[in-house]
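The exercises below are to be worked with the sequence and the structure side by side. Each one sets a task and then takes the solution step by step.

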Amino acid sequence: MHRIPVGVLGASGYAGRELCTLIADHPGLELAFATANERRGEALELPSGPVTLVATEEAPVAGAELVFSALPHGASAEWVRRVRAAGPRVVDLSSDLRPGHGANGIPYGLTELNRANLRGAPLIANPGCYPTAILLALAPLIRHELIRPGATIVADAASGVTGAGNSPRAEMLFGEVTENFRAYAAGNEHRHLPEMRATIAALGGDLDLLFTPHLLPVARGILATITVPVVDDFPADLQAPWAEDYAGEPFIVLGHDLPALRDVTRRNVARLAVRRASGLRQPTLLVFAAIDNLVKGAAGQAIQNANLALGLPEPMGLPA
Ligand SMILES: NC(=O)c1ccc[n+]([C@@H]2O[C@H](COP(=O)([O-])OP(=O)(O)OC[C@H]3O[C@@H](n4cnc5c(N)ncnc54)[C@H](OP(=O)(O)O)[C@@H]3O)[C@@H](O)[C@H]2O)c1
């Protein structure tokens, strides 16, 4: 089969490396180039063989049909502009072009919610990792108008350390992270909130989101526990909203058991579960979502979106 040439900007980072590995195993794609500035000239060992990292400025961009940008936010937007000017489609993994960040009209790549706008798209803003877990968990409740109007939704989520990227920082040293657990960006100020708020508004949600991220001493994975005040006449079958909205979705697993990171690691899936909270005066649900931050939360979803942009089968090359 003819393989479509694709490039990766930021291939020495966690998300970029995951992309290169998934591309190496993808039957419809081939890696045309992979960039890194600090490590340019070094070989990246992939299942398909070694690939030499090239500086971003020297990337043969025009030879690719699609380019993934796994550059840090702030640096990505300018490269997305340059790549688009040279012709290839782009899937941008940074937050630069996501909803809530000032750029309008760029399809948001939360695939299960926005598939129709991603087919053949020249440019896609891939979601953040926490927003992928939290928005996939909340969307059916918002769409079915099952959240108590004006409610505050509390989302507590913990991520493995690869979520912070691989630039050296003192607080990410092994000695600081191991056998430890802490919140960060407390005060409802995390940089993923704008895209979550914008997406909730676009879905018609009348709610406030209170989001507190935590740092978990594992390499990869996100578990979100979301407390949702719901309407009095919530369906007796608690799972019904998700079962209906996500029927036939290859990468959403709705389970009775509570999801755990072990269920989702190295898979492009979001595992969801729901429980009724007892002992409260208002009807309240607990919704749980688990993803691999580097796969469904980054590189896997980016390939899911690239498949749609390129006219390939959506699940092609992805570990379900
Ligand atoms: N990690 C995750 O779980 C995750 C999830 C979802 C989305 N994302 C997004 O994906 C992007 C990459 O994240 P990451 O965690 O993989 O970051 P990372 O580990 O810090 O990697 C960043 C990559 O970009 C390159 N780079 C840095 N500054 C650059 C510049 N000014 N110009 C060109 N290249 C530059 C780096 O290589 P050099 O330093 O050698 O240039 C490296 O290859 C970010 O926008 C992030 O928000 C990450």
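**Exercise 1. The setting of a helix**

How many of the eleven residues of α1 are buried, and is α1 largely enclosed by the rest of the structure or largely left open?

Solution. Keep in mind throughout that the model is a predicted one. Begin by counting a residue as buried if 20 or more other C-beta atoms lie within 10 Å of its own. With that cut-off, nine of the eleven residues of α1 are buried, so the helix is largely enclosed by the rest of the structure. Next, identify them: the buried residues are Tyr14, Ala15, Gly16, Arg17, Glu18, Leu19, Cys20, Leu22 and Ile23. Finally, look for what encloses them, and you will find that the buried residues of α1 pack against the strands β1 (4-9), β2 (29-34), β3 (43-46), β4 (49-52) and β5 (66-69), and against α9.

**Exercise 2. Two of the strands that pack against the helix**

Describe how β3 and β4 are connected and paired.

Solution. Trace the chain first: a hairpin of two residues leads from β3 to β4. Then examine the pairing, where β3 and β4 run antiparallel and are joined by four bridges. As a specific check, Leu46 has Gly49 in β4 as its bridge partner.

**Exercise 3. Domains and their contact**

Determine how the protein is divided into domains and which elements of domain 1 touch domain 2.

Solution. The domain assignment gives domain 1 as 4-126 + 297-310 and domain 2 as 129-293. Taken over C-alpha atoms, the centres of domain 1 and domain 2 are separated by 25 Å. Moving to the contact itself, 16 residues of domain 1 meet 24 residues of domain 2. On the domain 1 side, α3 (111-118) and α9 each supply at least two residues, and α9 gives the most, with five residues. By class, this side of domain 1 has six nonpolar, eight polar and two charged residues.

**Exercise 4. The ligand between the domains**

Work out why the ligand shell lies between domain 1 and domain 2, and characterise that shell.

Solution. Start with the count: 32 residues surround the ligand, and the closest are Gly10, Gly13, Asn37, Glu38 and Gly165. Because domain 1 and domain 2 both give residues to this shell, it lies between them. Among the helices, α1 (14-24) and α9 (295-310) each supply at least two shell residues, and the largest share, three residues, comes from α1. Sorting the shell by class then yields twelve nonpolar, 18 polar and two charged residues.

**Exercise 5. The nonpolar core and the open sheet**

Find the residues that touch the most other members of the largest nonpolar core, and then establish the strand order of the seven-stranded open sheet.

Solution. The largest nonpolar core has 97 residues, of which Ala133, Ile134, Ala224 and Ala289 touch the most other members. Helix α4 (residues 129-143) gives the most to this core, with eleven residues, and the core draws at least three residues from each of domain 1 and domain 2. Leaving aside residues up to four places away in sequence, Ile134 touches Ala155, Ala157, Met196, Ala224, Ile226 and Ala289.

For the sheet, read the order as β9-β10-β8-β11-β14-β13-β12, with mixed pairing. The edges are β9 (182-183) and β12 (252-254), each with a single partner strand, so one side of each is left without a neighbour in the sheet. Within the sheet, β8 (residues 151-159) and β11 (residues 222-229) run antiparallel and are joined by six bridges, and Ser159 has Ile222 in β11 as its bridge partner.

Terms used: Residues numbered from 1 in each chain as written. Predicted model: local features only at pLDDT ≥ 70, side-chain atom pairs only at ≥ 80, totals over all residues. Near = placed C-beta within 6 Å. Nonpolar A, V, L, I, M, F, W, Y, C, P; charged D, E, K, R; others polar. Domains from an automatic or database assignment. Core = buried A, V, L, I, M, F, W, Y, C linked by C-beta atoms within 7 Å. Buried ≥ 20, exposed ≤ 12 C-beta atoms within 10 Å, placed from the backbone. Contact = placed C-beta atoms within 7 Å. Pairing = 2+ DSSP bridges.
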